[in-house]
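Q: I'm new to protein structures and would like to learn how to read one. Could you walk me through it?

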Amino acid sequence: MDPFSITAGALGITEFTLSSIGYLHGLIKGLDEAEDVIQDVTSDLEAIQLPLAALENLQISDSTTYVAAKEDLKKTGVTEAVNKCGQACADFSKMLKQWTRHSSTMKLSLRDRLSVGLWNKERVRTFRTQVRSCRAIVQFAIESAQLYVIWI
């Protein structure tokens, strides 16, 4: 490995988001009966983890390319999109805890089932849209960065 070889994870743009996604994913998995109500959220979270991991592990060969890549990620809004996704996951986790406060990990109360699946359906849909948007931006960033690294 080249002494200057570094991964994009060192850019520090994915750590918070991956942590937030992991926490929310675990929270949903911990609510056995809620999983069927918000299964699509789980699928979206799993779908974005792979591109984020790929972005984090993208190899950058030298310090000049590293600086250029960091600036390009900021300019194109990738850093902002990833951070917003992480914050959306953290916020959704708080809301989900609030919506399921009458339930245990084994049993989802009828009230909480209605809260998650019916009363807050639009918030769940909005969150899913945010995650999907972030996924598209991250996927574009990965493809662009890979081309940039290849051409340099």
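A: Let's go through this predicted model one feature at a time.

Q: Let's begin with the overall layout. How many helices and strands are there in the protein chain?

A: The protein chain has 6 helices and 2 strands. Going along the sequence, the pattern reads β-α-α-β-α-α-α-α.

Q: How many residues are there, and what percentage of them count as buried?

A: The protein chain has 152 residues, and 39% of them count as buried. You can also look at how far apart in sequence the contacting residues are. Among contacts between residues at least 6 apart in sequence, 80% join residues at least 24 apart.

Q: Now a single helix. How do I check the length of H2?

A: Use the rise of 1.5 Å a residue: the 18 residues of H2 should span 26 Å, and its end C-alpha atoms are indeed 26 Å apart, which agrees. Try H3 next, which covers residues 63–75. Helix H3 has 13 residues and reaches 18 Å from its first C-alpha to its last, close to the 18 Å expected.

Q: Which residues of H3 are buried?

A: Those are Thr65, Tyr66, Ala69 and Leu73. Looking down the axis of H3, you'd find the buried residues within an arc of 100°, so they line one face of the helix. On the other side of H3, the exposed residues are Thr64, Val67 and Lys75.

Q: What comes after H3?

A: Glycine 77 follows H3, and its phi is positive, near 85°.

Q: And which residues are buried in H2?

A: H2 has Val41, Thr42, Asp44, Leu45, Ile48, Pro51, Leu52 and Leu55 buried.

Q: Next, the nonpolar core. Which residues touch the most other members of the largest one?

A: Leu24, Val41, Leu45, Leu96 and Phe127 do, out of the 29 residues in that core. At least two residues of this core come from each of these helices: H1 (15–30), H2 (39–56), H4 (78–99) and H6 (121–151). The biggest contribution is from H4, with 8 residues.

Q: Could we zoom in on one member? What is leucine 45 in contact with, leaving aside neighbours within four places in sequence?

A: Leucine 45 is in contact with Ile21, Leu24, His25, Ile28, Cys89 and Phe127, once those neighbours are left aside. You can read the contact with His25 from the other end too. Histidine 25 sits in helix H1, and at 15% relative accessibility it counts as buried. Not counting residues up to four places away in sequence, histidine 25 touches Thr42, Leu45 and Glu46.

Q: How do I read aromatic pairs?

A: You describe a pair of aromatic rings by the distance of the centres and the angle of the planes. This structure holds 2 such pairs. In one, the rings of phenylalanine 92 and tryptophan 99 have centres 5.7 Å apart and planes at 85°, so the pair is edge-to-face. Phenylalanine 92 and tryptophan 99 are both buried.

Q: Is the pair of phenylalanine 92 and phenylalanine 127 stacked or edge-to-face?

A: Their ring centres are 4.2 Å apart and their planes lie at 10°, so this pair is stacked. Phenylalanine 92 lies in helix H4 and phenylalanine 127 in helix H6, so the pair ties together parts that are 35 residues apart in sequence. Phenylalanine 127 is buried, and so is phenylalanine 92. Taken together, ring pairs link Phe92, Trp99 and Phe127 into a cluster.

Q: What about charged side chains? Where is lysine 97?

A: Lysine 97 lies in helix H4. At 42% relative accessibility, lysine 97 counts as partly exposed. Leaving out residues up to four places away in sequence, lysine 97 touches Tyr23 and Leu27. The side chains of lysine 97 and tyrosine 23 make a polar contact (2.5 Å). For a backbone view, the C-alpha atoms of lysine 97 and leucine 24 are separated by 9.9 Å, although these residues are 73 residues apart along the chain.

Q: Is arginine 128 buried or exposed?

A: Arginine 128 is buried, with a relative accessible area of 17%; the cut-off to remember is that buried means under 20%. Arginine 128 is placed in helix H6. Not counting residues up to four places away in sequence, arginine 128 touches Asp40, Val41 and Asp44.

Definitions and conventions
Residues are numbered from 1 along each chain as its sequence is written. This is a predicted model: local features need pLDDT of at least 70, side-chain atom pairs count only at pLDDT 80 or more; totals for chains, interfaces and linings use all residues. Side-chain values use heavy atoms; hydrogens and water are left out. Helices (H or I, at least four residues) and strands (E, at least two) are DSSP runs, numbered from the N terminus. The expected span of a helix is 1.5 Å times one less than its number of residues. Buried means under 20% relative accessible area, exposed over 50%, partly exposed in between (1.4 Å probe, protein chains only). The arc is that of the directions from the helix axis to the C-beta atoms. A nonpolar core is a set of buried Ala, Val, Leu, Ile, Met, Phe, Trp, Tyr and Cys residues joined through side-chain atoms within 4.5 Å. Contact means heavy atoms within 4.5 Å. Rings of Phe, Tyr and Trp (its six-membered ring) pair if their centres lie within 6.5 Å; planes under 30 degrees apart count as stacked, over 60 as edge-to-face and the rest as tilted. A polar contact is a pair of N or O atoms within 3.5 Å; within protein, one must be able to donate a hydrogen and the other to accept it, and residues adjacent in sequence count only if both atoms are side-chain atoms.
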